[in-house]
Amino acid sequence: MAEIVKADDAFDHGFFEGTSCAFGVFDGVHRGHRFLLDRARDSAARSGGRSVALTFDIDPDEVFHPMRLKKLMTNEERLSMLASTGVDAVCVLPFTREFAASSPAEFLAQTFDGTPPAYLHVGFDFKFGARACGTVDDLDAWGLAGGTKVRAHGLKSDDGAPITATRIRLLLAAGDIEEANRLLGRPYFMTGIVEPGRGEGADLGFRTANLEVPDQLRPLGDGVYAAWAEVGGARYKAAVNVGVAATFADRATATCEAYLLDFSGDLYGKPVKVEFLHWLRPMRAFDDVDELIATVKGNIAWVRENL
């Protein structure tokens, strides 16, 4: 695991000397991001410097668009995953409204403080500074003046379309978990703490783990999914409801409920990580309890046989 360095008041900007930095928010740490990080590792290997993932402590949209933001992972998960990508270090810049209000020139001056990196790798549409008015052309001019080789990359998938966090969020919202996972390069996951639920599952013979997941961290569309659930270092096949249980809509709230196959024990208060693999069916209301039980049993059987 790479070291995670915070660019706080005590930070020595000499850290950047000779480095090859990949700069971005990196929500999801998807295949496009990993391509960018690999380019930083390549140029570092050639130049003899260190490779660095340069990012922010929070997603900028947490400041500017908190009500509509649907993040692919928590900030802590993002930094941890960046540290596991093979770079030598992760450098975390504090993101504030004041920092965001800087002109492009001020933004770069504050970030590097007179010690620019040897290489700076960004996506082709990278924007920075107040009102996102800084462009790759501005970076090129800055790099030419200060000795940084700026490299802008098109982060495209096999079909030629750019891989972006926004594209992945739209796929997740539509329930297209398999295509989203292909672009992520890994299973999409949610993590949450198990809290007491409504109790209907236990009454029907299907005791579920009700995960407390903030709205901002639930980009996945409503439906029933086949998944793996990880708790206490062990993994279990799981059938998972995401969203409002339509049959109990009069007293339900949007949630994530996981039925862990072959699990016994108490999960309350424990963290559970759920990796989603297949969409099984939409959420819907059932005419009677027998139909509901038969459908749930069918979902569980599919998970057991196919996962």
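Colleague: Why is strand 4 (residues 89–93) described as largely enclosed by the rest of the structure?

Modeller: In this predicted model, 5 of the 5 residues of strand 4 are buried, so the strand counts as largely enclosed. Buried means under 20% relative accessible area, exposed means over 50%, and partly exposed lies in between (1.4 Å probe, protein chains only). Helices (H or I, at least four residues) and strands (E, at least two) are DSSP runs, numbered from the N terminus.

Colleague: Good to know! What do the two faces of strand 4 look like?

Modeller: Both are covered: Ala89, Cys91 and Leu93 are buried on one side, and Val90 and Val92 are buried on the other.

Colleague: And what makes strand 1 and strand 3 partners of strand 4?

Modeller: Pairing requires that DSSP finds at least two bridges between two strands. Strand 1 (residues 3–6) runs parallel to strand 4 and is joined to it by 4 bridges, with Lys6 partnered by Val92. Strand 3 (residues 51–56) also pairs with strand 4 in the parallel sense, over 5 bridges; there, Leu54 has Cys91 as its bridge partner.

Colleague: Turning to the rings, why is the pair of Phe56 and Phe99 called edge-to-face?

Modeller: Rings of Phe, Tyr and Trp (its six-membered ring) pair if their centres lie within 6.5 Å; planes under 30 degrees apart count as stacked, over 60 as edge-to-face and the rest as tilted. By this rule there are 19 aromatic pairs. For Phe56 and Phe99 the centres are 6.3 Å apart and the planes stand at 65°, so the pair is edge-to-face. Phe56 belongs to strand 3 and Phe99 to helix 4 (residues 97–100), so the contact ties together parts 43 residues apart in sequence. Both Phe56 and Phe99 are buried.

Colleague: How do you know whether Phe95 is buried or exposed?

Modeller: Its relative accessible area is 10%, so Phe95 falls on the buried side of the cut-off. Phe64, at 40%, is partly exposed.

Colleague: Which aromatic cluster do these residues belong to?

Modeller: One cluster is formed by Phe23, Phe56, Phe64, Phe95, Phe99, Phe107, Phe126 and Phe128.

Colleague: Lastly, what makes you say that a charge sits over the ring of Phe35?

Modeller: The rule asks for NZ of Lys or CZ of Arg within 6 Å of the ring centre and within 35 degrees of the ring normal. The charged end of Arg39 sits over the Phe35 ring, 4.4 Å from its centre. Lys149 lies over the face of Tyr119, at 5.6 Å from the ring centre.

Colleague: Any notes on conventions?

Modeller: Residues are numbered from 1 along each chain as its sequence is written, and side-chain values use heavy atoms, leaving out hydrogens and water. Because the model is predicted, local features need pLDDT of at least 70 and side-chain atom pairs count only at pLDDT 80 or more, while totals for chains, interfaces and linings use all residues.
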